[in-house]
Amino acid sequence: MIEQQLINGLMLGSIYSLVGVAFSLTIGMLNFLNFSVPGLFMLGGVISYGLLKAGFHWSIAFILTIAAITVVSLVIERFTYRWLRLSSPFIPLVSSIGFLIVIENSAIMRYGSESMRAPTPFKLTDLHWEGLFISAPQLLGLVIALLAAAIMSLMLKRSKLGRSIRGIAENPRTAETLGINVNRTVSSIYVITGIFAAVGGILFALNYQQVAWYMGQEVAAKGLAAMVLGGMGSLWGPVIGGFLVGLIEVFSIAYVSSDAVNAVVYGTLLALLLCWPNGLLGARISTVERM
Amino acid sequence: MSGYLTQVAANLLISVILAYAAYVPLATGQLNIGVAGFMCVGAYASAVAAAVIGLPLFLCVIVGMLCAAAAGLLVAISVARMHGIYYSLATFAFAEVVTAVLVNLDAVGGARGYVVVGYFGLGAIAAAALLVVAGVAYMMSTRIGLAFTAVRNDERAAAIFGVKVFATKVQALVLGAALAGLAGSLYAHHYSYIEAQNFNFMLSANAVLFALLGGVQTWWGPLLGASAIALIPEFLRTSGEWRYIGFGAIMIVLMVLRPEGVLTRATTRRLVAITRRLTATTRRFAWGKA
Amino acid sequence: MAADNPTLAICDLGLQFGGLRVIESLSIDVKCGSRTAIIGPNGAGKTTLFNLLSGVYSPTDGSILLNGRSLENVPLAKRVHAGIGRTFQNLRLMKHLTVLENVMLGQHHRTGIAGTFKPLVSRFNRAAVDEALRAIQLVGLHRDADRLAEGLSYGMQKRVELARALVTKPKLLLLDEPTAGLNTAERSELLGALKSAVGSDVTILLIEHDLSFIGGICDRVVVLNFGRKIAEGTLDEVKTDKAVIAAYLGTGRRGREASFAA
């Protein structure tokens with residue numbers, strides 16, 4: 001049934017959207033491919049799991065999870081940006097892989113390498129409508145993904161922080177001379193990235209009722225595809241890209257085979273990079289090199 | 001040699017080859033994060049050549065390298081004009097496509113893995129690794145190495161002095177891919193069993209880390225990086241996860257302290273200069289002129 | 001010397017970035033073996049002219065002829081084969097190469113297959129090494145040939161750039177502010193080196209602010225302002241030119257702000 005597949009694809013896509021935005025933010029603002037995003041995503045899922053398991057109310061658990069991710073993001077910022085501003089662009093990428101290794105193995109240490117069944121913290125009624133089924137956590141995920149992107153977009157346009165962020169995206173050095181506090185703004189970008197990833201992880205745990213140390217890897221790769229599809233460095237691009245990747249995945253499971261999903265998704269990603277590198281909404285500013 | 005030591009040695013030697021597979025493109029400033037994809041192509045091509053066609057083992061290796069190089073050429077001509085993140089993402093996507101396709105290919109066992117006929121012992125792997133290190137070291141001492149460094153430092157200025165930038169980048173990626181194919185072929189015929197899922201992103205990331213942690217300014221860097229990363233965990237006789245956490249933490253701290261890698265050209269030269277000065281001082285004292 | 005046929009003929013050259021005209025209907029003829037200085041205030045388009053000559057930018061109008069051949073379809077990487085060697089205002093040495101290796105990069109375009117596969121700095125490659133060392137000696141850096149470029153002072157890097165440009169065996173040598181950052185003694189050394197090292201068959205175009213240096217080597221001065229040629233002649237002639245004085249003092253030129261805003 002095509003309508004049902006469409007719904008499933010969009011629901012699945014909302015998580016990819018969040019992760020895609022997380023990647024896109026650091027690329028757009030700092031030109032840095034942040035490989036710690038899958039780790040942050042997983043931490044979102046695993047920490048909220050741990051807190052719920054420990055008996056916290058879900059609201060407290062989620063707030064504490066976000067707080068923990070904020071701290072981790074600030075640490076990552078120190079080691080991938082602030083102390084590395086003058087080095088070659090590969091280096092932050094390597095450090096972020098280092099963080100991914102540390103985060104994933106810490107999770108294995110604490111919770112073991114098997115996947116765990118996440119508790120359902122609150123009851124929501126699933127929707128049934130003319131034979132279509134919409135699961136409540138999935139709908140929640142969709143709404144939160146769209147809401148988060150809308151808030152972010154509004155913030156970029158209207159707030160002082162948003163102006164600073166755009167200034168840094170344009171040119172960090174000019175931004176600094178114009179009196180923008182670069183360090184604080186970059187920290188905020190990292191924190192926002194972390195929150196997007198962590199919210200994705202929490203929603204994943206709610207949806208699939210499973211968490212594991214490796215849960216970020218697959219989703220992050222799809223999130224990257226979403227970002228490239230929509231346009232690197234933009235905000236709404238990865239959101240739309242995320243939904244498209246979700247749809248591609250659901251439809252290739254339904255009409256090709258469940259084993260072919262990765263080949264189709266990554267094949268699309270590769271083809272897009274080669275043929276249409278700017279994505280649907282992407283517009284990266286090219287600078288004239290001076291001699 | 002005991003079985004354990006053989007395992008450590010084989011792992012180390014293949015890591016060294018893999019480090020150079022990542023290093024050669026990096027020497028021209030290209031960050032290939034799909035090394036495992038090329039390694040996978042080499043491993044499967046070599047295994048198929050041995051099982052299906054029944055070629056002699058050394059020809060299988062050549063086939064593996066050629067197939068990986070061909071894949072490298074295909075990727076290189078389409079991505080070598082890309083910059084930075086686009087380039088790295090494209091190599092990443094390529095590697096994911098390779099493993100995703102091979103997992104679905106029942107002719108080579110699909111997700112169940114593939115049993116490889118023909119066996120390479122430690123000696124053959126050691127000889128191959130030695131050849132690779134010597135070959136890359138020689139290459140980097142010639143004008144090819146000069147062009148590589150020039151392209152890495154300043155593409156535009158290199159072009160102004162007649163360096164063919166695009167061709168240089170394509171050469172580097174293809175050569176790197178061939179080396180990854182060699183590593184894959186040796187891996188397949190040493191462990192006698194391959195699974196496409198094992199040629200994953202963390203393997204590619206490791207190859208890049210070997211090179212970047214050691215330093216890409218000299219050909220010594222990847223050798224040091226691969227040896228250190230492959231051997232240090234063996235000496236850290238703690239539980240598995242602590243080992244990896246320590247490894248990740250060392251990586252993060254090293255990147256802050258030595259962003260150009262442990263061995264930069266300036267460092268190696270300073271070491272040489274210090275040794276020279278020491279010997280000179282000793283000589284002066286010996287002659288009584290101090 | 002074929003005095004009538006210019007080595008370099010720049011004809012009606014124009015370059016536009018969007019709506020901004022950086023070079024406008026510029027025509028300069030440069031005789032073979034002459035030494036011409038390009039002067040002008042900041043933003044006059046001097047370095048842009050060099051970038052057009054060395055192929056970094058393609059002109060939107062006009063043509064450049066080198067020894068009668070149009071450079072229109074000669075890409076960046078082939079300009080050095082056509083005989084154009086240059087230095088850069090913002091230094092562009094390869095920081096991970098030594099002085100000697102940087103200079104040997106200048107030989108790259110004329111190295112054959114055999115030379116490509118020889119170890120670069122070794123006795124098997126003696127002819128090329130010796131040639132590069134001679135150029136290094138000429139700019140007075142023979143004691144620093146083995147140092148890495150990233151550790152050199154500004155003045156030294158300038159001189160390495162000059163040696164590298166000389167080693168390309170150019171017919172047309174473009175020097176972008178060769179004396180910037182050099183002290184008086186170094187300037188006179190450089191002047192001597194240029195006079196002795198560069199043969200009379202090599203044409204030099206140089207961007208310079210030091211008038212005494214220009215007087216010491218150049219036979220002709222072209223003055224640019226806002227991408228146009230506003231004066232041309234000997235140094236003494238242009239020094240007293242009203243338009244030139246006005247350009248440097250910033251008077252008598254209406255619409256200066258307007259031009260910047262464009």
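This is a walk through a predicted model, going chain by chain and then contact by contact.

**Stop 1: chain A**

Start by selecting chain A and colouring it by secondary structure. You should find 11 helices and four strands. Its radius of gyration is 19 Å, close to the 19 Å that the globule rule gives for 291 residues, so chain A is as compact as a globular protein of that length. If you draw a box along the principal axes, the C-alpha atoms of chain A fill roughly 65 × 45 × 35 Å.

**Stop 2: chain B**

Now hide chain A and bring up chain B. Here the tally is 12 helices and two strands. Trace the chain from its start and the elements come in the order α-α-α-α-β-α-α-α-α-β-α-α-α-α. The C-alpha trace of chain B spans about 75 × 55 × 35 Å along its principal axes. How does the radius of gyration of chain B fit with a compact globule? A compact globule of 290 residues would come out near 19 Å, and the 20 Å of chain B agrees with that.

**Stop 3: where chain B meets chain A**

Show both chains again and select the residues that touch. You will pick up 39 residues in chain B and 43 residues in chain A. Together the two chains bury about 3700 Å², with carbon and sulfur atoms giving 84% of that area. For a closer look, put sticks on B:Ile85, B:Tyr86 and B:Ile252: these lose the most area to chain A on the chain B side, together 18% of what that side buries.

Which kinds of polar link should you look for here? The count of salt bridges between chain B and chain A is zero, and the count of residue pairs in polar contact (both at pLDDT 80 or more) is zero as well. To see which parts of chain B do the touching, highlight α3 (57-79), α4 (84-103), α7 (155-160), α9 (201-214) and α11 (240-257), each of which supplies at least two residues. Colour that side of chain B by residue class and you get 31 nonpolar, five polar and three charged residues.

**Stop 4: where chain B meets chain C**

Leave chain B on screen, hide chain A and show chain C. This contact takes 25 residues from chain B and 33 residues from chain C. The buried area is about 2800 Å², and 63% of it comes from carbon and sulfur atoms. On the chain B side, select B:Arg143, B:Ile160 and B:Phe161; they supply 32% of the area chain B buries against chain C, more than any other three residues.

Next, go looking for the polar links. Across this interface there are 15 residue pairs in polar contact (both at pLDDT 80 or more), and the salt-bridge count is three. One to zoom in on is the salt bridge between B:Asp154 and C:Arg92, where the closest N and O atoms are 2.9 Å apart.

Then step back to the helices. In chain B, α5 (122-141), α6 (143-153), α7 and α12 (265-287) each give at least two residues to the side that touches chain C. Which of them gives the largest share? That is α6(B), with eight residues. By class, this side of chain B has 12 nonpolar, six polar and seven charged residues.

**Stop 5: inside chain C**

Finish with chain C on its own. Colour residues 1-83 and 170-262 as domain 1, and residues 91-169 as domain 2, following the domain assignment. The C-alpha centres of the two domains lie 26 Å apart. Select their contact: 19 residues of domain 1 are in contact with 11 residues of domain 2. Between them the domains bury about 1200 Å², 70% of it on carbon and sulfur atoms.

Two salt bridges cross this interface. Show the side chains of C:Glu189 and C:Arg159 to find a salt bridge with an N to O distance of 3.8 Å. There are also two residue pairs in polar contact between the domains (both at pLDDT 80 or more).

For a last selection, take the domain 1 side of that contact. The elements giving two or more residues are α2 (79-82), β7 (172-176) and α7 (184-197) of chain C. Of that side, α7(C) brings the largest share, six residues. The residues of the domain 1 side divide into 12 nonpolar, two polar and five charged.

Key: Residues numbered from 1 in each chain as written. Chains lettered and ligands numbered in written order. Heavy atoms only, no water. Domains from an automatic or database assignment. Contact = heavy atoms within 4.5 Å. Buried area = accessible area lost by both parts, 1.4 Å probe. Salt bridge = Lys/Arg side-chain N within 4 Å of Asp/Glu carboxyl O. Polar contact = N/O pair within 3.5 Å; in protein donor to acceptor, adjacent residues only side chain to side chain. Nonpolar A, V, L, I, M, F, W, Y, C, P; charged D, E, K, R; others polar. Rg over C-alpha atoms; globule rule 2.2 N^0.38 Å.
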